[in-house]
Amino acid sequence: MPTDVPEIGPGNDPDNTAGERPGMSRRSVLRTGAAAGAGLAALGVGHGSAGAAPPPGPSVPGAEERTWPPRRGRSMMGVPFERHDTIRVGIIGLGNRGGSMLPLFLAVEGIRVTALCDVDPARVAAATRVVTRAGQPEPARFTEGPDAYERLCRRDDVDFVYVATPWEAHVPMALAALRGGKHVGVECPIATTIEELWELVDASERTRRHCIQLENCCYGRNELRALRMAHDGLFGELLHGSGAYLHDLRELLFSDTYYAGQWRRAWHTRIDGDLYPTHGLGPVAAYMDVNRGDRLVRMTSMSTPALGLADYRAQHVPAGDPKWRERYVNGDVTMSLIQTERGRVIHLVHGVSNPHPYSRLNHLAGTKGVFEDYPPRIYLEPDATDHRWRSWDDYQRHDHWLWTDVGPGPGGHGGMDYLMLYRLGQTMRLGLPPDMDVYDAAAWNAPFALSVLSVRYGGVPVSFPDFTRGQWRTPHPGTDSTKPG
């Protein structure tokens, strides 16, 4: 095993992936064929990054990095939105995800879509028709020019920017929104390096604008019910939980059209780790009050061999296709263990390259019992004492008010997409703090980079940065929200 972890910084990072970003053209950050990363340097996880990871060795188990960059603004923890009678939304990225979310934005009370941006004019035209057919004025459209998304972010008639583009574009677009004085919500993952996560935290604090990971799985009915039950003490003292993204994406990854430019498969040729941590981690972090009394301290990760995509290619891709020049390095399954400050353990899994029914695991255990999903079932004392699972349906009385009083609306992943946007709109209209803030976004996404580092060095434990800079014990609103009066 190597004796030290390489320090990454502007001086030894020729692509400047770990330092300040130079100006990026819209075409360079939006182009879907862009390289997904340039090896470990692109992850920005060297031990020279404050809080990123200690060097491997005997002192690593239990090691915790207690330093962090100096705060350049004020904390955004618990900071309310300013009140908006109408929330004016600009959308960047109108492909599979952005296009499907547009009708849900339009369905939320008080939201008006005022600006649209995509490199494909046909997508912008189609989205414009969706907006006008919903009875809203025609939005401003941005499809040309190197600064198209930046021009959207500078508009006076945009309050909130929604980013749904390939992953490598998320950070420059979020920063453009924050610097333009806009709140911003970003699809998963919000960032792929530790340096980028610190950039977003610093920019949110400096600009006094919220930067949110739009993690829809935190709004699932089962997730919110389990959250309420955990906070009501039904599981006793929490001990461990599991979360995952197990989703057979092979057909979509090899599609010539689904991921434009096949950008998502490119990530599997460059790094080995958990490429999509937040669907599994976000709900479990909420159960355990991460950043609200507990924090993520360290993680260790291991990956299986990378076999699934090559096997799929052999079965479905004709000889001579350019895809045969690709070498897949991301393990078919990455498993991680994360420990919190209070000693709890989170099991995190990522796997998209093999046959597997969709599952997020969504498991929670404490001193009084356990819940596990897919299919949902529960065993709680004193209700159960015979070592047999009980029906999850027997606990509907613990449903979150978003599901009992609002409901799934027009849907989107069973309703969680709509409820996520409903709650966002509600907090902005009423001037409440968001359920998820930039510190949540940073903590939930850090496993992307940290898992790659741990895998590379043989499962070595790596430390989480404390993005709250010591304020992780501070109670403040989260997804277990009280219904506004």
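The dialogue below works through a predicted model, asking how its sheets, cores and unusual backbone features earn their descriptions.

Student: What makes strand 14 and strand 15 the edge strands of the nine-stranded sheet?

Tutor: That open sheet has the strand order 14-13-12-11-7-10-9-8-15, with mixed pairing. Strand 14 (390-391) and strand 15 (462-463) each pair on one side only, and they are the edge strands.

Student: How do you know that strand 13 and strand 14 pair?

Tutor: Pairing requires at least two bridges between the strands, and two bridges join strand 13 (residues 377-380) to strand 14, which run antiparallel. Therefore they count as a pair. Within this pairing, R377 stands opposite S391 of strand 14.

Student: Which helices lie against this sheet?

Tutor: Helix 10 (residues 278-287) packs on the sheet, where it touches strand 7 (238-246), strand 8 (296-303), strand 9 (333-340), strand 10 (345-351) and strand 11 (363-366), and its direction makes about 160° with that of strand 7. Helix 14 (residues 438-456) lies across strand 8, strand 9, strand 10 and strand 15, and runs at about 50° to strand 8.

Student: What is the order of the six-stranded sheet, and which are its edge strands?

Tutor: The order in this open sheet is 3-2-1-4-5-6, with parallel pairing. The edge strands are strand 3 (140-142) and strand 6 (211-213), each of which pairs on one side only. From one strand to the next, the twist averages 25°.

Student: How do you know that strand 5 and strand 6 pair?

Tutor: Strand 5 (residues 183-186) and strand 6 are joined in the parallel sense over three bridges, and because the criterion is at least two bridges, the pairing is accepted. In this pair V184 stands opposite C211 of strand 6. Helix 13 (residues 416-430) lies across strand 5 and strand 6, as well as strand 1 (87-92) and strand 4 (160-163), and runs at about 140° to strand 1.

Student: Why is C211 called buried?

Tutor: The relative accessible area of C211 is 0%, and buried means under 20%, so C211 is classed as buried.

Student: How do you know that C153 forms no disulfide?

Tutor: The closest cysteine sulfur to that of C153 belongs to C117 and is 8.2 Å away, too far for a bond; the definition asks for sulfur atoms within 2.5 Å, so C153 does not qualify. A search of the whole structure likewise finds zero disulfides. C153 is itself buried, because its relative accessibility is 1% and the limit is under 20%.

Student: Why is R469 called buried, and what does R469 touch?

Tutor: R469 has a relative accessible area of 8%, and buried means under 20%, so the label applies to this arginine. R469 lies in the segment after strand 15. Not counting residues up to four places away in sequence, R469 touches W68, P69, P70, R71, W198, V201, D202 and E205.

Student: What makes up the largest nonpolar core?

Tutor: This core has 110 residues, and those with the most contacts inside it are I91, F105, V161, V184, L200, Y219 and F235. Helix 14 contributes the largest share, ten residues, and the core draws at least three residues from each of domain 1 (87-213) and domain 2 (218-400 + 436-463). Apart from it lies another core, of 19 residues, among them Y259, W267, Y276 and V452.

Student: Why is L361 called partly exposed while N362 is called buried?

Tutor: Buried means under 20% relative accessible area and exposed means over 50%, with partly exposed in between. L361 has 24% and is therefore partly exposed, whereas N362 has 3% and is therefore buried. L361 lies in the loop between strand 10 and strand 11, as does N362. Phi is positive in L361, at about 60°, although it is not a glycine, and phi of N362 is near 50°, likewise positive in a residue other than glycine.

Student: How do you know that the peptide bonds before P375 and P382 are cis?

Tutor: The bond from Y374 to P375 is cis, with omega near 0°, and the bond joining E381 and P382 is also cis, with omega about 5°. P375 is placed in the loop between strand 12 (369-372) and strand 13, and P382 in the loop between strand 13 and strand 14. Most peptide bonds, by contrast, are trans.

Methods
Residues numbered from 1 in each chain as written. Predicted model: local features only at pLDDT ≥ 70, side-chain atom pairs only at ≥ 80, totals over all residues. Heavy atoms only, no water. Helix = DSSP H or I, 4+ residues; strand = E, 2+ residues; numbered from the N terminus. Contact = heavy atoms within 4.5 Å. Axes fitted to C-alpha atoms, helices over the stretch in contact; angles between N-to-C directions. Buried < 20%, exposed > 50% of the residue type's maximum accessible area, 1.4 Å probe, protein only. Core = buried A, V, L, I, M, F, W, Y, C linked by side-chain atoms within 4.5 Å. Domains from an automatic or database assignment.
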